[in-house]
Structure formats: structure tokens, C-alpha cells
Amino acid sequence: MSLKEPILKILVKQYAPLTMVEQKFGRYDLMFKTDDEGRPIMLFLGKKDSNGNIIGDRYARRLKIDDHGITIKDHWEHKGKAT
């Protein structure tokens with residue numbers, strides 16, 4: 001399952017560095033971890049259980065930036081189920 005445009009719009013924004021951000025998106029719960037510059041790098045998408053964990057899918061961001069700050073590669077990979 002690849003990520004669609006509405007979710008990608010959320011994931012392009014900058015957030016607080018090195019945090020876990022939780023959001024509601026339609027019927028899904030989103031939880032993502034940001035890097036030291038505030039870019040989302042790990043995403044959990046699904047339903048939150050009673051312990052606060054997301055049951056659904058896990059995605060990781062492939063982000064490659066050169067020495068001048070130009071983005072060379074930026075895409076999300078499906079890593080499997082999140083439990």
C-alpha cells in the first residue's frame with residue numbers, strides 16, 4: 001500500500017525536532033517520528049489500541065540530501081505491519 005497525496009501533504013511539513021507526533025486523519029490514527037531537523041522519518045498508520053500503540057502499517061522515509069542541501073532522493077517505503 002503506497003501513501004496517497006493527502007497523507008503526503010501532512011508528511012511534507014516541518015515539525016518539532018526529535019519528537020513523536022500524533023494526529024487523526026479520517027478514520028486512521030497517524031503517529032510519526034521526526035529527525036533532528038523536524039522532518040518526519042518514520043510513520044505508523046492505523047488504529048490506536050488501548051495502550052496507545054498503532055495497529056496497522058509502518059513506513060520509513062528514504063531521504064538523501066547532498067552537501068549543498070539539495071534533496072536527491074525522498075520517498076516512503078512500506079516496511080510491513082505495525083503491532
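These are my notebook entries on the core and the strand pairs of this structure.

**Before starting.** I'm working with a predicted model.

**Entry 1, the core.** I looked up which residues make up the largest nonpolar core. I got twelve residues in all: L3, I7, I10, L11, Y15, V21, L30, F32, L43, L45, Y59 and W76. Next I asked which elements give two or more residues to this core. They turned out to be α1 (5–11), β2 (28–34) and β3 (40–48). The top giver is α1, with three residues.

**Entry 2, a closer look at I7.** I picked I7 from the core list and checked its contacts, skipping its neighbours within four places in sequence. What was left was F25 and L45. L45 is on the core list as well, and I kept it in mind for the next entry.

**Entry 3, β3 with β4.** Strand β4 covers residues 54–65, and I found it paired with β3 in the antiparallel sense, over seven bridges. Here L45 came up again: its opposite residue in β4 is D57. Then I went to the turn. The two strands form a hairpin with five residues between them, and G52 in that turn has a positive phi of about 95°.

**Entry 4, β4 with β5.** I followed β4 on to strand β5, residues 71–82. This pair is antiparallel too, over ten bridges. I noted I65 standing opposite T71 in β5. How many residues lie between β4 and β5 in their hairpin? I got five, and G69 in the turn has a positive phi of about 85°.

Definitions and conventions. Residues numbered from 1 in each chain as written. Predicted model: local features only at pLDDT ≥ 70, side-chain atom pairs only at ≥ 80, totals over all residues. Heavy atoms only, no water. Core = buried A, V, L, I, M, F, W, Y, C linked by side-chain atoms within 4.5 Å. Buried < 20%, exposed > 50% of the residue type's maximum accessible area, 1.4 Å probe, protein only. Contact = heavy atoms within 4.5 Å. Pairing = 2+ DSSP bridges.
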